[in-house]
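Please open the structure in a viewer and keep the selection tool at hand. The tour proceeds by stops, each with something to select and something to note.

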Amino acid sequence: MFPQHREREQPIFSTRAHVFQIDPNTKRNWIPASKHAVTVSFFYDASRNVYRIISVGGTKAIINCIITPSMTFTKTSQKFGQWADSRANTVYGLGFATEQQLHQFSEKFKEVKDAARLAREKSQDKELANSALNIAVPQSPPVMCVNGPEDKLYRSQSADITLASEKERIKKMLSEGSICEMNLEAELFTLQDSNTKLIAALHEANTNVEQWKKQLAAYQVETERLREQVADLEAHGGHGPSDLLKDELTQSLEELEALLKAKDEEIHILQSKKSEYHQIEHERDEVIRRLREMEIRTSDLERRVQSSEQNLNSSLEERDRMDTEIQRAIEVLDIKIFDLNDLRQSLVKLIDK
């Protein structure tokens, strides 16, 4: 038998779900296989003519199941379904975000299972035909084939996968950086808003302080005038002022002293607010500095993403070129094989003659 060209596995359907496995001890409870929802994909392996369900969590495969015609996917709730894998001796469960996603996965499972059944039937028919052909026709000598181009292809595919994973990692870092930048911008906006309000309050307070200073000066002048009036009454009246006038003057002095004390407390409060304003200005400057650092990091990540995309495009071009070369080599081998078959048939006819 001549070696066949092996094509890589092709994804035919992908979705996201929470993956579970049945508890091997109780066979009743579900054990989460992933902390978060992961990608679950159907793959077709053309070289083996089989279908598989694959899901990778982190650096390991949490689902690697070959689909057989005997498998059945069962919906157990509106957003949950399961199927049994006899080869792995386990039962897989998938939890979806919506009922529509569960329905799509179930329909795709039925479709792939039917395709696997047809592939098995074709494979069995092909094996029967090959057996009959081997009995009727002598076997041709094996043809040597150099797998160098295919090895390069697999290496390029491995590099492609590595670049793709690196690209996803950098995009994730870039997304996290964007989130941090948005948070810093929101924090900066809040500080700026508080700063604006505090500046307005300080301006108003400064205006009030000036008014209070003028009032205090007026109260002090009035107090001095009253004291002079009392002293004048005591000096020229021959006897002290009446008790009523003294009480009024004493009450006025006490009110003025209480008002002065209250104004002093308000001035002290305004001075403390002024220190808080300086603290908010310091915090705002710190947030602006962090925001600038985040912008620099974001720019660096964008450059890395662009570099990874360029490397990925170069690898894809190299892979396409290798595919073309391999296809050309296969065509040449097919021609050589056809020529050898013609030569063999000619030799058989000569021998029969």
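What percentage of the 353 residues in the protein chain do buried residues make up? Buried residues make up 25% of them. Please bear in mind throughout that this is a predicted model.

**The whole chain**

Begin by displaying the chain as a cartoon. Three helices and eight strands are present, and along the sequence they follow the pattern β-β-β-β-β-β-β-β-α-α-α. If the surface is displayed as well, its accessible area comes to about 24600 Å², with 53% belonging to carbon and sulfur atoms. Of the contacts with a separation of 6 or more, 63% are between residues 24 or more positions apart.

**The largest nonpolar core**

Next, select Phe42, Ile53, Ile63, Trp83, Leu94, Phe105 and Phe109. Within the 23 residues of the largest nonpolar core, these touch the most other members. Two or more residues of this core come from each of strand S1 (10-22), strand S3 (38-45), strand S4 (50-57), strand S5 (60-66), strand S8 (90-95) and helix H1 (99-136). Helix H1 supplies the largest share, five residues.

**Phenylalanine 42 and its partner**

Now centre the view on phenylalanine 42. Leaving aside residues up to four places away in sequence, its contacts include Ile12, Phe13, Ile53, Phe105 and Phe109. Is phenylalanine 42 buried or exposed? Its relative accessible area is 0%, so phenylalanine 42 is buried.

The structure holds 14 aromatic pairs. In one of them, phenylalanine 42 and phenylalanine 109 meet edge-to-face, at 6.4 Å centre to centre and with 75° between the planes. This pair links distant parts of the chain, since phenylalanine 42 belongs to strand S3 and phenylalanine 109 to helix H1, 67 residues apart. Phenylalanine 109 is also buried, with a relative accessible area of 1%.

For contrast in geometry, select tyrosine 44 and tyrosine 51. Their ring centres are 4.7 Å apart and their planes lie at 35°, so this pair is tilted. Tyrosine 44 is partly exposed at 23% relative accessibility, whereas tyrosine 51 is buried at 16%.

Then highlight Phe13, Phe42, Phe73, Trp83, Tyr92, Phe96, Phe105 and Phe109, which ring pairs link into a cluster.

**Salt bridges on helix H3**

Side chains of opposite charge can pair when their charged atoms come close. The count of salt bridges is nine. Select glutamate 293 and arginine 289, whose closest N and O atoms are 2.5 Å apart. Both lie in helix H3, four residues apart, about one turn of the helix. Glutamate 293 is partly exposed at 40% relative accessible area, and arginine 289 is partly exposed at 38%.

Further along, select glutamate 318 and arginine 321, which form a salt bridge with closest N and O atoms 2.5 Å apart. These two residues also lie in helix H3, three residues apart. Glutamate 318 has a relative accessible area of 34% and is partly exposed, as is arginine 321 with 40%. Returning to arginine 289, add Glu286 to the selection: salt bridges that share partners join Glu286, Arg289 and Glu293 into one network.

**A nonpolar patch**

For the last stop, select Leu340, Leu343, Leu347 and Leu350. Together they form a nonpolar patch on the surface, with about 400 Å² of accessible area. Leucine 340 is found in helix H3 (residues 243-352) and is partly exposed, with a relative accessible area of 48%.

Note on methods:
Residues numbered from 1 in each chain as written. Predicted model: local features only at pLDDT ≥ 70, side-chain atom pairs only at ≥ 80, totals over all residues. Heavy atoms only, no water. Core = buried A, V, L, I, M, F, W, Y, C linked by side-chain atoms within 4.5 Å. Buried < 20%, exposed > 50% of the residue type's maximum accessible area, 1.4 Å probe, protein only. Contact = heavy atoms within 4.5 Å. Phe/Tyr/Trp six-rings, centres within 6.5 Å; stacked < 30°, edge-to-face > 60°. Patch = residues over 30% accessible without salt bridge, like charges linked within 9 Å, V, L, I, M, F, W, Y side chains within 5 Å. Areas by Shrake-Rupley, 256 points an atom, 1.4 Å probe, with all protein chains shown as cover. Salt bridge = Lys/Arg side-chain N within 4 Å of Asp/Glu carboxyl O.
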